[in-house]
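Colleague: I should like to learn how to read a structure of this kind, feature by feature. Might we begin with a single residue and work outwards?

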Amino acid sequence: MQKRARKKTAKQGSRPIPAAWLLAACAVAFPIALSGASSAQSLMTDGQTLPVYPDDTDGFFSDGTQGPALAPTEDPDDNQRLADGTEAAPRLTVARSPSAVRINSSASADSDNSPATVLADSVTLDGNKNLTASGGVVIWHRGSRLIASRVVYDGQTGGAVIEGPIHLTRPAQSGTSDDTIVIANSAQLDPNLQDGILRGARLVLARELQMAAREMRREQGGRITVLDNVVASSCQVCAEDPIPLWEVRARRITHDAQTRQLHFDQPQFRAFGVPLLSLPSLTAPDPTVERLTGFLRPQFRTTSSLGVGLKLPYFVTLGDHADVTLTPYLALNRTTTLEMRYRQAFRNGEMEWNGAISRDDIEPGKTRGYLFGAARFELPRGYQLGIQVQMAKNRAYLLDYDITDADRLWSGVTLDRVQRDRMVMARIGNYESLRDDEPDEFTPSLVADAFWQRRWQPNRLGGIASLEWSLHAHRRRSDEDILGRDMARGSVAMGWRRNEILRGGVVGSVEARLNADLYNINQDSRYEDWVVRSDPTIATELRWPFARHADGVTHIIEPVAQLVWSPKREAEDEVPNEDSRLIEFDEGNLFSLNRFPGWDAHESGLRANLGVSWTRIDPMGWQIGMTAGRVLRTEPDPAFNDSGPLGGKSSDWLLSASYSGTNGLALVNRALFDDSFSLSRNETRLGWLKPGLQVSAGYLWMDSDPREERDEDVSELTVTAGWQVRDGWWASTETRYDFTANRAQKAELGLEYRNECVTVEMSVERRFSASDTLSEDTSFDLGVRLGGFGKQQSGPGTVARRACLR
C-alpha cells in the first residue's frame, strides 16, 4: 500500500497472524506498576490532647485490603499547639500500598488474541508469514503506543526486528508516577516477544530519571532490564550543552521491575562533568518507590551549642505496615546522638514513636533524651481510643536538638465517640511542665475528665433540648495548704433553646439552662471541703436582619439584642477558679450565656448583650464585614473582680472588622476599648495566599492584668512568610518580636532552590530566649536531595527547568 492504512490482525489458515505481537512485547518491555485505589488515613488533632482519625471502619483501603504503607519522610510534621498548652504528636503520612507488577505473557491466549491497531504507509504479508510495516509506523495495543520507521515480524521464528527511531509510551499514564518512555535506534526481540536487545537506547522512568546506554537488554520475561555503558541523570540534557548538572556513569545499570530497584555496577558520580566519587556498586530506588530500605538524604546542621554536625537517616521497612528510621547525629565531638522513629499502621488504627538519646558537652557526663509517642485505634460501636506519651529530660534538650518548643507535656489515654445527636469523651493523664515558673509540685499533674452530651427535639416544647454531665478531678504533688490543692467535680447541665420567625422578619429566641455542680476540695483551708451549687440561666433574644441587593451588591445589616438573667452566687458557693482564668471577649461569644471557658466560674446577674453586624458582598468576589457590640449590667459581676474588658457595669466596646478578597488577601482586626477610646486589647491578623506569595502575620496588644497573671503589657508581632524570588528559588522567613522587651524571641530565614534534578534547602535560625537552664542559640541547616531516586514530595513555588534551544 502506498497510502496510510488502518488494518486489523488477520488470519492465515487456522493459525492467527499475530499483528498484536509488537505491542504485546512493547507493553511488557517496561512493565508499568498498577495499584488499586486507596484512601489515605492521617492523624489530626481534636482540639485537646490527641490526634484523631477519619471514620473509616473498612480499613485503610476502600477495597478492604490490608496495607497502608508508611511513606519514609524523615522530616517531622509541623508542630501543633493544643488548647491546654501541650503539643500534638506529629501526623503520620500514609502512602498507597506498593504496586503489584503484572507482566502479561505473550504465550497466553489473551495476549495472542488481543487486537492491535497498526497505522503505516505500507503493510505487507509474504508467503513465508513475514509481516512488514514501514513508513511512519504507529501501533496501538493495550494502552501502549509504539512509533518506528519499519517493523519486520518473522512468522517462522517468532522474532522481530524494529528499525528506529523507536519511541514507546503509554499516553494514558503521561504525567503519573507510572509513566515510562523507551527510545532506541533499533531493536531485536526474541521469540517470546518479551526479551530482546535494544541498541542506542534511552529509558525514562516517571519522566524523572533518564538513562542513556549503548545497548539495553531485556531478561527473565521482561522483569530485568540491563543497560551497558550507561549515563543516568534526572537533569535536562540539551544538544548544545550536553553536560548535566549531575550525572552517574556506570559500566552497567540493572533495573528490576518487580522490586523497582536500580543496581549500579562501578558507578561514578559527576557534577558539572567533574568526577567526584566512585564506588564499586550502588543500589537505589527508582522514581516510583515510596518505601524502600536504605539511607535517606543527609542533613548538615551547625549550632552554637553543638558545633558542625551531620545527620544520616537510615530507613528500614518492616513489611507493608511498619517501618523504623534510625538517625545517627554526630557533631565535632560535642554530641553523640541516636534518633529513632517507629511507625506502624493497623487495620483499625496507627501509631508513631519518636525518641532520641544523647551524650554531649552541654551537660558533660550526663545522658539526655526524650520519647514522644501517639496511637489511635477504632473500637466497636464507633469509639476511638487514643494513647499519647511525652517525656523529656528538660526543655533545654528539646530546644538544643530542634525537636519542639513545647513547654508542657501530656501523657495519657483518651476515649471518645461523636455521633449526630450525642457525644462521649473521656481522658486521664499526667501533665509535666517544663517552664521555670511552674514547679511540678504546685501545678496539677494527674488530671482526669469525662463528658457526655445528648441533644434532641422535644415534641411539645419544640426547639432543641440538651442534657450533659461531666466529671473532673486533678491532683497536685505537693501536700502544702492552698499550694497543694486537689479538686474533684461532678456536674449536670440541662438546656433548651427555641427560635421563631416573628412578624416583620424578626427572629426571636428563648433559651434556658440549669447547671448543678458538686465539688470536693482538699488541702485548701479557704474553702469548704464539699460545695454544692446550682446556676439557672434564662435568656431571650431578638434579631432583625435586613438585606438589600442592588447592582449585584448585597448589604446585610443585623442588629441583635439579648437579655440574660442568672442569680447572684452566694459566698458559700464559691470554689477555686482553676479552669476559667483566661477569658476571651470577641464576636464569637458576644451573645453567649456564659463567657467563662470552664465550669468553675459563671456569669451572674441581669445583663444585656447588644450588637450589630454589617456585611457587604461584592459581585467581583470580595467581601467586607463589621461587628460592634457591648455588654451592659445592672451591677458589676463579682466573678470578673471589676477588672478586664468585662468588668464593671459596662464592658469595653467590641469592634471587629474583616476583609477577604479574590486575590487571596484576608484581613481581620478585633479591638476592645472603653468610653475614652483607650485600648485594652487589639489583635490584627493578615493572610495573603497567591501564586508566589504566602504571608501569615499577626499583631497582639494586651494591657497588663494581675488577675490573669500578666504583670506587663503584651505587644507582640509574629510573621511567617514565603515568596518566590525567581524560578526555582523559594525564600521563607519566620519571626516573633516582643515590643515590650524590645527584642526578638525567634528569627528564622530559609532558602530553597529546586530544579528538575536537585533540591537544595538552607535555613538559619536564631533563638533569643535565655534563662538559667537555657542559652541563646544559632543554628544552620543544609540539605541536598537528588531527583530521580525514590518518590519525592513537591515543595512550594515553581521549579527551574532548563530549556533547550531547537
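Modeller: Let us begin with Ser566, which has a relative accessible area of 2% and is therefore buried, in a model that is predicted.

Colleague: In which strand is the place of Ser566?

Modeller: Ser566 belongs to strand β39, which covers residues 553-566.

Colleague: Which backbone oxygen does the side chain of Ser566 reach?

Modeller: The side chain of Ser566 comes to 3.1 Å from the backbone oxygen of Glu603. With residues up to four places away in sequence set aside, Ser566 touches Pro536, Thr537, Glu603, Ser604, Gly605 and Arg607.

Colleague: How should I read the chain as a whole? How many helices and strands does the secondary structure come to?

Modeller: The protein chain has 3 helices and 50 strands. Of its 806 residues, 43% are buried. Among contacts with a separation of 6 or more, 50% are between residues 24 or more positions apart.

Colleague: Let us turn to a charged side chain. Is Arg427 buried or exposed?

Modeller: Arg427 has a relative accessibility of 16%, and because the limit for buried is under 20%, Arg427 counts as buried. Strand β32, residues 422-433, contains Arg427. A polar contact of 3.2 Å links the side chain of Arg427 to that of Tyr431.

Colleague: How far from Val413 is Arg427, C-alpha to C-alpha?

Modeller: Their C-alpha atoms are 5.6 Å apart, although 14 residues separate Arg427 and Val413 along the chain.

Colleague: May we compare that with another strand residue? Where is Ala322 placed?

Modeller: Ala322 is in strand β26, residues 322-331. Its relative accessible area is 5%, so Ala322 is buried. Outside its neighbours up to four places away in sequence, Ala322 touches Arg291, Thr317, Tyr342, Arg343 and Gln344. The C-alpha atoms of Ala322 and Glu350 are 9.5 Å apart, with the two positions 28 residues apart in sequence.

Colleague: And how does Leu686 read: what is its accessibility?

Modeller: Leu686 has 30% relative accessibility and so counts as partly exposed. Leu686 sits in strand β44, residues 679-690. Ala666, 20 residues away in sequence, lies 5.9 Å from Leu686, C-alpha to C-alpha. Beyond four places in sequence, the contacts of Leu686 are Leu665, Ala666, Leu667, Val695, Ser696 and Ala697.

Colleague: I now wish to read the nonpolar interior. Which residues have the most contacts inside the largest nonpolar core?

Modeller: They are Met211, Ile253 and Phe264, in a core of 40 residues. A second core, separate from that one, has 13 residues, including Phe372, Ala392, Tyr397 and Ile403. Returning to Phe264, its contacts beyond four places in sequence include Ala232, Val248, Ile253, Leu282 and Phe789.

Colleague: How does one find empty space in a model?

Modeller: A probe the size of a water molecule is rolled over the atoms, and this shows where empty space is left. Here, the second largest pocket has a volume of about 870 Å³. It is lined by 31 residues, and those closest to its centre are Arg207, Glu208, Ser234, Glu756 and Arg801.

Colleague: Which strands each supply at least two residues of that lining?

Modeller: β13 (180-189), β14 (196-205) and β49 (758-767) each do so for the second largest pocket. The lining of this pocket consists of 10 nonpolar, 13 polar and 8 charged residues.

Colleague: Finally, I should like to read the backbone angles. Which peptide bond is cis?

Modeller: The bond from Gly164 to Pro165 is cis, and its omega is near 10°. Pro165 is placed in strand β12, residues 160-169.

Colleague: What is the phi of Asn229?

Modeller: Asn229 has phi near 50°, a positive value in a residue other than glycine. Strand β16, residues 224-233, holds Asn229, and at 44% relative accessibility Asn229 counts as partly exposed.

Colleague: Where does Gln266 lie?

Modeller: Gln266 is in the loop between β18 (261-265) and β19 (268-271). Gln266 is not a glycine, yet its phi is positive, at about 55°. With a relative accessible area of 48%, Gln266 is partly exposed.

How values were computed:
Residues are numbered from 1 along each chain as its sequence is written. This is a predicted model: local features need pLDDT of at least 70, side-chain atom pairs count only at pLDDT 80 or more; totals for chains, interfaces and linings use all residues. Side-chain values use heavy atoms; hydrogens and water are left out. Helices (H or I, at least four residues) and strands (E, at least two) are DSSP runs, numbered from the N terminus. Buried means under 20% relative accessible area, exposed over 50%, partly exposed in between (1.4 Å probe, protein chains only). A polar contact is a pair of N or O atoms within 3.5 Å; within protein, one must be able to donate a hydrogen and the other to accept it, and residues adjacent in sequence count only if both atoms are side-chain atoms. A nonpolar core is a set of buried Ala, Val, Leu, Ile, Met, Phe, Trp, Tyr and Cys residues joined through side-chain atoms within 4.5 Å. Contact means heavy atoms within 4.5 Å. On a 1 Å grid over the protein atoms alone, a cavity is a set of points where a 1.4 Å probe fits but cannot get out, and a pocket is an open set with protein on both sides within 12 Å along at least five of seven lines; lining residues have an atom within 4 Å of a point. Grid points are joined across faces, edges and corners, and a volume is the space filled by probe spheres set on the points. Ala, Val, Leu, Ile, Met, Phe, Trp, Tyr, Cys and Pro count as nonpolar, Asp, Glu, Lys and Arg as charged, and the others, Gly among them, as polar.
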